[in-house]
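Could you open the structure in your viewer and keep the selection tool at hand? We will go from stop to stop, selecting a few residues each time and looking at what is there.

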Amino acid sequence: MNYKNKLVRFTPNRVWRTYTGGKILDQMEQKSIPEDTHFPEDWIGSTTQAVNPDREHIFEGVSHATVGEESIRFDELIAADPSYFLGEEHTKSFNLNPMLLVKFLDSSVRLHFQAHPTAEFAREHLNSNHGKAEGYYILDVREGTDPYVYVGFQYPPSRADFKKMIEDQDINAMEACFEKVPVKPGDCLYIPGGSPHAIGEGILMVEIMEPSDWAVRFEFSKGGYTMPEEARFMKRDLEFCMDVFDFTQLSVEQAIDKFYQYPKIERHYSDSSFQERLINENVTDKFRVKKSTITGTVEKAEKDFYIGIVVTGECSIKIGEETTQLKKLDRFFCPAGVDAVTICAESGVEILECYPPAVK
């Protein structure tokens, strides 16, 4: 396969989940009858296998990449030349692991109440190097939706009371522990491990996270599906998982202050084109998120690989003699071994860029 100096694209990679959504993803794939189903996510540039109850026999989650006219599993492509795709410093530190997982998430219902372990908890108790810290970038909301997330306890219960709510599946009592935190297109949030949360209905977003599928789901039924017991508590029990939760009280204002990430210009490509940092190493050492706003033609060089998603507008990206046309919501992978790309966007484009953790 001739992969040098080429942009890597991805075929749709829908993954089964316990909640429903995905109608907008169906529309993106030009399906004849778009609908909300149990395939509300598309995993982008993924080398992570999904963990789904009753679907252990199905291999899902790992992306398929296209380079030119050829298609190959993304983990196999990386393994063919890891220093080129991921960078020599990255592979020395992390081997073949890109160290991030990026998804489209399209919700038709409020997601389950859940929390994810920190990396420290995962190392100590789950024999894993990864927790599941998450970043959100809100792309769009469905018509008639008042978009929100629940994140952090505004009215924290006692540990004993919370455990009983979970055992009794008292959803009203759980929901009373939260207030809605408003979100809108263009917002970016960082949700560290341990934070109880739920994404509201009608939201299309990019989710950036550590490359794991660890979750403590303390609401068991959603979209007509009830999770089996082994899928609720990371194949442990509830008492084990109680140590995952952060019971700190946060008002809505404090939650906004803690979780929202505001863009700061990192560099200018030209008078009208610039790159902003959204989530950087001062926020987390798990991954980084930036956004490039480009009008006209610029040359862009990065020392790290990144997964790019066009969030507004359209553009062409030229590497050497090859030019790739991209439109809104197209996604791609730019290898670390690419010295520079030329991006042309006559009417303007915004590209969300998801980077691995910085190598120390």
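What follows is a tour of rings, strands, a helix and a loop. Keep in mind that this is a predicted model.

**Stop 1: aromatic pairs**

Start by colouring the aromatic side chains; the structure holds 26 aromatic pairs. Select Tyr3 and Tyr84 to see one of them: the ring centres lie 5.7 Å apart and the planes meet at 45 degrees, so this pair is tilted. Now show the backbone around both residues. Tyr3 belongs to the segment before β1 (8-10) and Tyr84 to helix α3 (residues 82-86), so the pair ties together parts 81 residues apart in sequence. Turn on a surface and ask: are Tyr3 and Tyr84 buried or exposed? Both Tyr3 and Tyr84 are buried.

Next, select Phe153 and Phe162. Their ring centres are 5.3 Å apart with planes at 80 degrees, so here the arrangement is edge-to-face. Phe153 is buried, with a relative accessible area of 0%, and Phe162 is also buried, with a value of 0%. Keep these two selected and add Phe113, Tyr148, Tyr150, Phe178, Phe218, Phe245 and Phe247: together with Phe153 and Phe162 they form one aromatic cluster.

**Stop 2: charges over rings**

Select Arg236 and Phe240. The charged end of Arg236 sits over the ring of Phe240, 5.4 Å from the ring centre. Then move to Lys300 and Tyr306, where Lys300 lies over the face of Tyr306 at 5.0 Å from the centre of the ring.

**Stop 3: strand β24 and its partners**

Lys300 is a handy place to pick up the next strands. Select β19 (residues 288-300) and β24 (residues 341-355): they run antiparallel and are joined by 12 bridges. Which residue of β24 stands opposite Ile294? Click on Val349 to find it.

Add β20 (residues 306-313), which is antiparallel to β24 and joined to it by 6 bridges. Within this pairing, Ile307 has Cys354 of β24 as its bridge partner. Then add β21 (residues 315-319), which pairs with β24 in the antiparallel sense over 3 bridges; look for Lys318, whose bridge partner in β24 is Thr342.

While you are in this part of the chain, select residues 284-343. An unreviewed UniProt entry annotates this stretch as "domain: Mannose-6-phosphate isomerase cupin". In the model, residues 284-343 are 0% helix and 63% strand, and the C-alpha atoms at the two ends are 29 Å apart.

**Stop 4: the two sides of helix α9**

Select helix α9 (residues 252-259) and look down its axis. Which residues of α9 are buried? They are Val252, Ala255 and Phe259. Seen from this angle, the buried residues fall within an arc of 55 degrees, so they line one face of the helix. A general rule helps here: an α-helix has 3.6 residues a turn, so residues three or four places apart point the same way.

On the face turned away from the buried side, you will find the exposed residues Glu253 and Asp257. Now show what the buried residues of α9 pack against: β9 (148-151), β10 (181-182) and β11 (188-191).

**Stop 5: an open sheet**

Use β11 to step into an open sheet of 6 strands, ordered β2-β3-β6-β13-β8-β11 with antiparallel pairing. β2 (14-15) and β11 stand at the edges with a single partner strand each, so one side of each has no neighbour in the sheet. For β11, select β8 (residues 134-141): the two pair in the antiparallel sense over 4 bridges. Gly135 has Tyr190 in β11 as its bridge partner.

**Stop 6: a loop and a hairpin**

Select Thr48, in the loop between β3 (41-44) and β4 (64-67). With 10% relative accessibility, Thr48 counts as buried. Which residues does Thr48 touch, leaving aside those up to four places away in sequence? They are Trp43, Glu60, Gly61, Val62, Leu101, Pro211 and Ser212. Draw a distance from Thr48 to Leu100 as well: these residues are 52 apart along the chain, and their C-alpha atoms are separated by 9.0 Å.

Finally, follow the chain into β4 and on to β5 (residues 70-73). These antiparallel strands are joined by 4 bridges, and Thr66 stands opposite Ser71 in β5. β4 and β5 form a hairpin with 2 residues between them. Finish on Gly68 in the turn, which has a positive phi of about 65 degrees.

Conventions. Residues numbered from 1 in each chain as written. Predicted model: local features only at pLDDT ≥ 70, side-chain atom pairs only at ≥ 80, totals over all residues. Heavy atoms only, no water. Phe/Tyr/Trp six-rings, centres within 6.5 Å; stacked < 30°, edge-to-face > 60°. Buried < 20%, exposed > 50% of the residue type's maximum accessible area, 1.4 Å probe, protein only. Lys NZ or Arg CZ within 6 Å of the ring centre and 35° of its normal. Pairing = 2+ DSSP bridges. Arc of directions from axis to C-beta. Contact = heavy atoms within 4.5 Å. UniProt positions renumbered as here; feature names shortened; annotations may be inferred.
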